[in-house]
Amino acid sequence: MKLKIYIHGEKGRMGQELAKLIAADKNISLEENSAKAQVIVDFTSPEGTLKAIEIAEKNKIPLVSGSTGLSKKEFAALQKLSKKVAVLWAPNMSLGVATLAQMLKNLSAISDYDFYIEETHHIHKKDAPSGTALFLQEKLEQSIDKKIKQNISLRGGGVFGQHRVVILGPEETLILQHDALNRTVFARGAITCAKWICRQKAGYYQMGDVLNESKSNAP
């Protein structure tokens, strides 16, 4: 039986990307009636995410959200919902970014170096720094056990998203960089999460949880 996915914000750019991938996947289908869906995927706004939370709670279905610019109010609502159903929120649904975040755990050995995060996005992106930059900053600071300098945010053109973690040592420089080549990468990651979260019990999950299970199931 196909997994029925309801897209909250279907008419948006990300919603359209999700619809294309769902149409091409024989194991899932697009459900236009949220009451009949098995999972809801949300790429909207802080206000839209609150509405998605209401839908997920009403229908008792898991929620996958990639909305950014959320405040404490929205995060508190997500946490509250996670007591009843499975919830996964990520500022970036790319599996590559999730892998990059895990790579940052290895930087503790050079914690005395200098670090900064630089991100570039298209001219229409409203939040700066991006949710992904703040996410990477959090993971980096946990690894090196110190605060880093303010993120550098650039807005212009049609760049889908570029994030760079720059490490400057006395005799060497290291750059970890992720480039999103299109919006499909985020939609594909969100669908991967939607398939995964339907097998989980109530709780609050992150992309790292999806990656870790994939590793444990690898041959």
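## Strand β8, its sheet and the flanking helices

In β9, I175 is the bridge partner of V166. V166 belongs to β8 and also stands opposite Y116. The model is predicted.

**Pairing around β8**

Strand β8 covers residues 162–168 and runs antiparallel to β9, joined by seven bridges. One further pair in this ladder sets L168 opposite T173 of β9. The two strands form a hairpin, with four residues between them. On the β6 side, the pairing with β8 is again antiparallel, and it too extends over seven bridges. The table lists residue pairs named above.

| Residue | Stands opposite or bridges to |
|---|---|
| V166 | I175 in β9 |
| L168 | T173 in β9 |
| Y116 | V166 in β8 |

**The sheet**

These strands belong to an open sheet of four strands, in the order β7-β6-β8-β9, with mixed pairing. Its edge strands are β7 (152–155) and β9 (173–179), each of which pairs on one side only. From one strand to the next, the twist averages 15°.

How many of the seven residues of β8 are buried? Five are, so β8 is largely enclosed by the rest of the structure. The cut-off for buried is under 20% relative accessible area.

In a regular strand, side chains alternate between the two faces of the sheet.

**Helices α4 and α5**

Which helix lies across β6 and β8? Helix α5, residues 131–144, does so. Its direction is at about 165° to that of β6, whose residues are 114–121.

Helix α4, residues 95–103, packs with α5. Two packed helices are described by the angle between their axes and the distance between the axes. Here the axes of α4 and α5 come within 9 Å and cross at roughly 25°. Angles under 35 degrees count as roughly parallel. The two helices are therefore roughly parallel to each other. The crossing of α4 past α5 is right-handed.

Which residues meet where α4 touches α5? From α4 come V97, L100 and A101. From α5 come T132, F135, L136 and K139. By class, this contact has five nonpolar residues, one polar and one charged.

**In brief**

Strand β8 pairs with β6 and with β9. Helix α5 lies across β6 and β8, and α5 also meets α4 through the residues named above.

Key:
Residues are numbered from 1 along each chain as its sequence is written. This is a predicted model: local features need pLDDT of at least 70, side-chain atom pairs count only at pLDDT 80 or more; totals for chains, interfaces and linings use all residues. Side-chain values use heavy atoms; hydrogens and water are left out. Two strands pair if DSSP finds at least two bridges between them. Axes are lines fitted to C-alpha atoms, for helices over the stretch in contact, and angles run from 0 to 180 degrees between N-to-C directions. Contact means heavy atoms within 4.5 Å. Angles under 35 degrees count as roughly parallel, over 145 as roughly antiparallel, 65 to 115 as roughly perpendicular and the rest as oblique. A crossing is left-handed if the near helix is turned anticlockwise from the far one by less than a right angle, and right-handed if clockwise. Ala, Val, Leu, Ile, Met, Phe, Trp, Tyr, Cys and Pro count as nonpolar, Asp, Glu, Lys and Arg as charged, and the others, Gly among them, as polar. Buried means under 20% relative accessible area, exposed over 50%, partly exposed in between (1.4 Å probe, protein chains only).
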